[in-house]
Amino acid sequence: MQDSADGQSDGTATVQFPRPGFLASVFRDLGAENGQEPDGAAADRPRGGATGDGPSGDGPTGDRPTDSGPTGNGRTDNGPTGNGPTGEGPSEPGPGEADPDEAVAAHARAATLTHHRTRAVQAEHDRLADLLRRAALPVSAMDFESQLRHYQPRPYPADGPGGGAEEESEPRWQDFAPAEPPVADPEGGPSRRLLDSGYQRELAQARLTHQRALREWRTRRAEAGSPAADESRRAHEAAEEARARAVREYNESLEECRRAYRLAEPAAVESLLERALAAAETATQDLPAPCRAVFRPLTRTAVLDLDLPPLDLVPSLAGYRLAPDGDILPVPRPPADRATDYLRLVARLALRALQAADAVDTDEILAGVVLNGWLRDPATAEPLCLVSVDADRDALARTRLLPPGTPYEERDDEGVYADAEQDEALVRLRQLGAAVTPDPYDRAGVRPAAQAGATVPAAADLSANEFAQLVRDLLTRGGIAQWSVRLRGPAGLVATGEGAPGTSLPGRWVVWASRDTGSIGAEQIETLAEAVGEESAERGLRLTTGRFTEEVLDLTAEEGRRHIHLIDGDGVRELAHTHLGLPLATGG
């Protein structure tokens with residue numbers, strides 16, 4: 001019977017079938033036609049795994065076979081039938097209708113994918129921030145003193161830390177005897193030790209330990225003179241002699257390199273510089289940025305070629321966003337921000353290389369350093385110069401190459417990025433007179449301050465500082481002292497100097513030196529003569545790597561212009577060979 005809401009029976013019988021398909025088997029036994037199903041069977045078929053949990057009608061199933069559910073739009077006790085909803089859950093979507101659950105699931109999948117892609121972009125930003133931090137770490141000086149090796153002899157294993165077996169003393173009982181037991185009664189005498197069981201156990205154990213140590217000592221003394229022990233000791237001593245000899249030979253070769261370095265031999269200087277540059281890269285081994293060095297003894301200048309990292313190292317996206325229609329769209333970064341980030345990294349790499357070269361030159365062999373940063377793209381045949389620095393020793397000494405204290409600090413208002421005009425590394429690089437590309441992604445290159453390819457450079461291969469240094473060395477060797485540069489540019493310089501009496505260049509001079517490929521006209525000679533008068537000098541010197549016209553030669557031969565002296569390109573090369581003992585190649 002079925003109970004009503006108040007717990008009493010309402011007179012309705014409930015039939016429970018032992019298994020699904022029971023009515024169908026009954027009708028088959030009664031001879032019903034194949035495929036025919038009574039009206040009540042469809043209603044009595046279990047839904048969702050239920051087996052007759054609810055009522056099947058208002059009365060016994062045998063009396064009212066059609067009461068289990070109407071075949072039209074009526075309702076049964078279990079819920080509506082037909083094409084309408086059954087009351088057990090949401091209806092299935094009709095033809096051409098989208099499933100709401102599937103749309104929600106697709107949106108959730110797209111949102112998750114957007115999040116994961118944004119996290120991947122953020123990981124690239126974090127890696128760039130870490131590279132910026134590590135590239136600004138100070139480098140240790142790789143000078144000759146730091147490369148010296150020291151020999152520390154290793155004792156023979158059988159000797160132990162206390163020395164040889166012949167020096168080891170015999171184990172004494174006093175070193176093993178246990179301490180006597182304390183006084184039992186302060187008022188009385190000492191306790192009877194023979195009756196103290198703890199003390200007797202300690203005494204027996206100490207005797208065993210002493211006897212074992214005494215046997216081992218005697219065994220070592222006996223084995224010390226055996227042929228096998230002697231052979232082992234000789235092998236150990238030979239290995240130690242080999243170690244000491246290797247350290248001594250290495251230090252001697254290092255000292256030989258140091259002597260060659262002090263003589264400004266190119267191979268020795270380049271070897272030391274490249275060791276220092278390689279050591280500076282240890283903080284960013286995952287960032288390929290090799291640097292090669294070429295030393296020019298003519299001007300005592302090192303030209304460094306730095307390979308810059310690829311442009312795609314800096315992330316081009318800020319993240320991803322999910323569009324209203326469900327598409328995942330990338331969020332590109334502004335091109336100016338991306339270019340600024342790349343230049344910040346380039347500035348730190350360039351400053352690190354300059355610091356390594358300056359720190360290793362403890363003997364002050366270098367008069368200056370030229371650094372060129374090259375972007376080498378496999379798709380293009382020629383590399384592109386993005387940064388070039390021409391710094392003399394005085395400029396390097398005046399400039400702190402790396403930020404003091406914490407080399408990298410994240411600011412809340414800027415995140416991990418800063419404006420190019422406010423970045424300290426770029427500011428310090430520009431203080432050295434560096435030429436920096438305005439946009440590396442636009443492939444806007446700069447002109448290298450000097451080329452490192454030529455072993456014997458021509459005047460055109462020299463940087464502005466190199467040319468000024470060359471002119472100063474030539475005239476200083478000739479007798480002009482108190483050198484003072486008044487104007488200097490990429491093409492030349494104007495300077496003053498004093499020649500000591502009795503030298504080949506006595507008196508006060510005004511020097512105008514320039515790198516030219518053409519001929520010098522008379523108007524420049526007139527300009528130099530005016531400068532000599534303004535500086536109250538006695539003589540003027542016009543030096544050029546080109547040549548002078550016949551008009552200029554005739555002008556300086558006149559009585560009023562004989563205080564103007566001329567040196568052309570052939571004269572410059574002859575002075576370099578005479579005073580410096582080094583060649584200067586021909587060329588413009």
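What follows is a walk through this protein, from its overall make-up to one sheet, the helices around it and a pocket.

Let us begin with the whole chain, keeping in mind that this is a predicted model. The protein has 588 residues, and 36% of them count as buried. Its secondary structure comes to 14 helices and 18 strands. If you look at contacts between residues at least 6 apart in sequence, 65% of them join residues at least 24 apart.

A good place to focus is an open sheet of five strands, whose order is E5-E6-E9-E10-E11 and whose pairing is mixed. Strand E5 (291-296) and strand E11 (435-436) are the edge strands; each has a single partner strand, so one side of each has no neighbour in the sheet. Starting from the E5 edge, six bridges pair E5 with strand E6 (residues 301-307) in the antiparallel sense. To find this pairing on screen, select Arg292, whose bridge partner in E6 is Asp305.

Helix H11 (residues 464-478) packs on this sheet, where it touches E5, E6, strand E9 (368-375) and strand E10 (384-392). The direction of H11 makes about 30° with that of E10. We will return to this helix shortly.

Moving further along the sheet, E6 and E9 run parallel and are joined by seven bridges. Here Asp307 stands opposite Trp374 in E9. The next step is antiparallel again, with eight bridges between E9 and E10. A handy marker for that pairing is Leu371, which stands opposite Val389 in E10.

E9 itself deserves a closer look, as eight of its eight residues are buried. Gly368, Val370, Asn372 and Trp374 point one way from the strand, while Val369, Leu371, Gly373 and Leu375 point the other way, and all are buried.

Now back to H11. Its 15 residues reach 21 Å from the first C-alpha to the last, close to the 21 Å expected at 1.5 Å a residue. How much of this helix is buried? Eleven of the 15 residues are, so H11 is largely enclosed by the rest of the structure. Among them are the nonpolar Phe467, Leu470, Val471, Leu474 and Leu475, but also Asn465, Glu466, Gln469 and Asp473. Just after the helix, Gly479 takes a positive phi of about 130°.

The sheet and H11 also lead us to a pocket. The second largest pocket holds about 600 Å³ of space. It is lined by 26 residues, and the closest to its centre are Ala449, Ser463, Ala464, Pro490 and Arg515. E10 and H11 each supply at least two residues of this lining. Which of the elements gives the most to the lining? That is E10, with three residues.

Finally, turn to another part of the chain, helix H3 (residues 100-135). This helix has 36 residues and reaches 53 Å from its first C-alpha to its last, close to the 52 Å expected at 1.5 Å a residue. Its buried residues include Ala110, Thr114 and Val121, and further along His125, Leu128, Ala129, Leu131, Leu132, Arg134 and Ala135. What do the buried residues of H3 pack against? Their partners are strand E7 (317-322), strand E8 (328-332) and helix H8 (335-360).

Note on methods:
Residues numbered from 1 in each chain as written. Predicted model: local features only at pLDDT ≥ 70, side-chain atom pairs only at ≥ 80, totals over all residues. Heavy atoms only, no water. Helix = DSSP H or I, 4+ residues; strand = E, 2+ residues; numbered from the N terminus. Expected span 1.5 Å × (residues − 1). Buried < 20%, exposed > 50% of the residue type's maximum accessible area, 1.4 Å probe, protein only. Contact = heavy atoms within 4.5 Å. Pairing = 2+ DSSP bridges. Axes fitted to C-alpha atoms, helices over the stretch in contact; angles between N-to-C directions. 1 Å grid on protein atoms, 1.4 Å probe; cavity = no way out; pocket = protein on both sides within 12 Å on 5 of 7 lines; lining within 4 Å. Points joined across faces, edges and corners; volume = space filled by probe spheres on them.
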